[in-house]
Amino acid sequence: MSRTGHIPKAARCAAAIAGLALLSAPGALRVAFVPPDAISMRAAVLATTAGAGCAALLFVCQRATCDLPTWCLAVSAASLAALLPVANESAPNIETAYAALFGVSLAVAVFRFRPTAGRASAAAALTAGAIALDPTSSAWALGWAWASLAARRVQAAVVAAAAVAAGLLIRLLANGIGVARTGPDPFAVRDDLTLLMPVALVGGIGLASMRRCHAVGARPAWLAAWVGASIAGVFAALLGLPATVPVLLLPFWWTAPFGLLELSRMLFSARSSRLSRICAAVVLVMTVALGAPAARRWLEGIAIALYSVLPAG
Amino acid sequence: MRTTGQRAYSHPSLVELACRPARVWLAPAHPAVVLVCLLAVHAAGRAAAFCYPAKVDSFTYALAAYRLWEPAASPEALVPDKPPGQAILTGWVYRLATGAPSRVTMIPVESAFMLAGYGLFWLVSNRLHDRRVGLLLTGGLVLAVNSYNAFDTTTDGFNLAENYLLAPSMLAVWAHLHDSRRLALRGVTCGAGVGLALAVKQTAVALAVAIVLHGVVEAIVRAAPRDRARQLAGMAVGMAAVWAPIWLFLAAKGLWTAQLDTLIRSSGAHVAAGPFDLPSWSHCLPLSPLLLWMALGLVAPLALRRGAAGDARQRSALLFAAVWLLAEATMLWTMTKPAEHYWQQVVPPTALLASLGASAFARTGSSLRASERARIWRCVGAVTACAVLIVAVPLFAVAQKRASTFDLQWERTEFARRLAEASAADSMPQP
């Protein structure tokens, strides 16, 4: 801290990332130790990195480009950091799924900061890598292509499509053509959707209210297209395609700050009607109630941490 | 913000009330779209239930139905702890069908019963509020019923008594809540529904209790005991009219005494008052779209200081649905087996309450200005869409996964094998 009491930006960033990593850690510990997910410490480290990294990117990116209140971004980022490592049952391979999640977040951040040709190429390369790790990441690239086509930017759409093709080709080459396809486990999909339902609810409200948000620099077309492609990806599970639920629900965390803002306006705005307030209160109560399974899992991680730290007996 | 003028809406339609942005959210609510989605959910639910790997109850009830309709049926053909209604209602199909018997023969019969149940629920909901809301809430009912059925881990959800219970239950509710002045006819229809439901499964007693209790309360409140007595008498006639052919059928085969004896002894086998536990989230999840609308309907009238109570018909239906839900929840609590398909009984009263909730919500919102209504509809529409999606996707996923295991030849062989086993067990001397 300087003499004037101002905390340097680097220190604030480090503290924020440490905080996000602490939020991710319980879920990651659960991945490492609790059966049937007990995978490895490497998976736990990846889970923590993905949770904290994706949350930090969401916060920084949204803060740089949208005029959203800090608390909305902080709540979304914190929930992303805490919940991402918790919901992992639907992933065919946890380690590659977490790496893909981080790759997609990085691609979105690179693309969104400045969608120039160079940035778009970098985003496309990251996207291709993420798709190679987990094909569910195609949802982001397909949304990008969709939004570009809708805006008549054919070149950008071709770049996005090329990213999908390259990612899938790398995966095919890595796995060998004709590799046995394993469909998603419906019970795992259901469990992950149950855990992430509060995010989907608030993100859904955000998506619906985004057009009315006059935040500076907010260009929600690509975000809406990403959500649309993700929803289509969720339905792809019906065709037996693998569906990693946290990857598919990632755009809902990006729309969640808009949802939180809308709910707060409905609750506290002086121009809000009583019905509007009641409605927002019901949705908030429902969101909190539906968050109980995820909270319970996260607390299990805390219990594991305490158990491993405290002396025996 | 509210406008000063009070608008005269007796039964406002949700779509009429919604302004332009909200209509975008309600666009998927076009009847044809909802109907197609509803049939798709039903088909997915049936596929998931039929192809569940552990085929236990579906074979038991299909074999019972087949054997009961054989000319020389023995008392062993009946399922000991279940009334004979389901077997009598469904077994005839084996006498008409050509080819080797199997569970596949039962698919159209079960679907016909379930579709009739959905249709009757839509009629009830339509009568209480609005055609489109009725269809949407029917969609919620179909989703919840099929979700509980498909994700049951104790047995396969195909050909269960609960699937046949929906249609007679909704027939009874439709007749009970009908506002016709032909009370005796209403009573007879209601009694036929209740009687049929009780003949399928004993748990329908919760519905019977709810109807009688509601009738008594209505008689006291409306001070019309003679009307209600006439209705109750009609109900008794209706029940007798349904039970008489069942009795004749069993008596003709000499099975009545045996069935009555086993039913009396084993009816309470799976029922006991246990400690109260809150239901798990996975149990409540299929109900989430309906619970949202139920909650909104419950709290929405708080937004207006007056005039949100609805008409007498809706108030009466609200009271009935609340009593019915309480009775079904109590019945569910007393069930000793942790089977998900028992939750199917809670779905119709919840859907009815959700329907009334949507009605109250629309009525309350009718006096708001357009932009405020749009904001509310956006919020509620998004939450409903998310809740529906999260319930529907696993159902379709499980259906897709299990449907690939279907094998018609195996079905026929397995049915024949189990039939031979059951017949051999019957012919063995009893200790």
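How much area does chain B expose, and what share of it do carbon and sulfur atoms supply? In this predicted model, chain B exposes about 17,900 Å², and 68% of that area is supplied by carbon and sulfur atoms.

**Figure 1. Overall form of chain B in the predicted model.** The secondary structure of the chain consists of 18 helices and 0 strands. The C-alpha trace spans about 85 × 55 × 45 Å along its principal axes. Because a compact globule of 431 residues would have a radius of gyration near 22 Å, the 23 Å of chain B agrees with that expectation.

**Figure 2. Interior and contacts of chain B.** Of the 431 residues in chain B, 55% are buried. Where contacts join residues at least 6 apart in sequence, 83% of them link residues at least 24 apart.

**Figure 3. Charges of chain B.** The chain carries 38 positive and 24 negative charges. The mean positions of these two sets lie 14 Å apart.

**Figure 4. Helix H9 of chain B.** Helix H9 comprises 18 residues, numbered 183-200. From its first C-alpha to its last, the helix reaches 26 Å, close to the 26 Å expected at 1.5 Å a residue.

**Figure 5. Buried residues of H9(B) and their cover.** Both ends of the helix are represented among the buried residues, which include B:Leu183 and B:Val200. Also buried are the glycines B:Gly187, B:Gly191, B:Gly193 and B:Gly195, together with B:Arg186 and B:Cys190. The cover over the buried residues of H9(B) includes helices H5 (85-96), H8 (161-177), H10 (205-221) and H11 (225-252) of chain B.

Conventions. Residues are numbered from 1 along each chain as its sequence is written. Chains are lettered from A and ligands numbered from 1 in the order in which they are written. This is a predicted model: local features need pLDDT of at least 70, side-chain atom pairs count only at pLDDT 80 or more; totals for chains, interfaces and linings use all residues. Side-chain values use heavy atoms; hydrogens and water are left out. Helices (H or I, at least four residues) and strands (E, at least two) are DSSP runs, numbered from the N terminus. The expected span of a helix is 1.5 Å times one less than its number of residues. Buried means under 20% relative accessible area, exposed over 50%, partly exposed in between (1.4 Å probe, protein chains only). Contact means heavy atoms within 4.5 Å. The radius of gyration is taken over C-alpha atoms; the globule rule is 2.2 Å times the number of residues to the power 0.38. Accessible areas come from the Shrake-Rupley method with a 1.4 Å probe; for residues, only the protein chains shown count as cover. Lys and Arg count as positive and Asp and Glu as negative; His and the chain ends are not counted. The place of a charge is taken as NZ of Lys, CZ of Arg, CG of Asp or CD of Glu.
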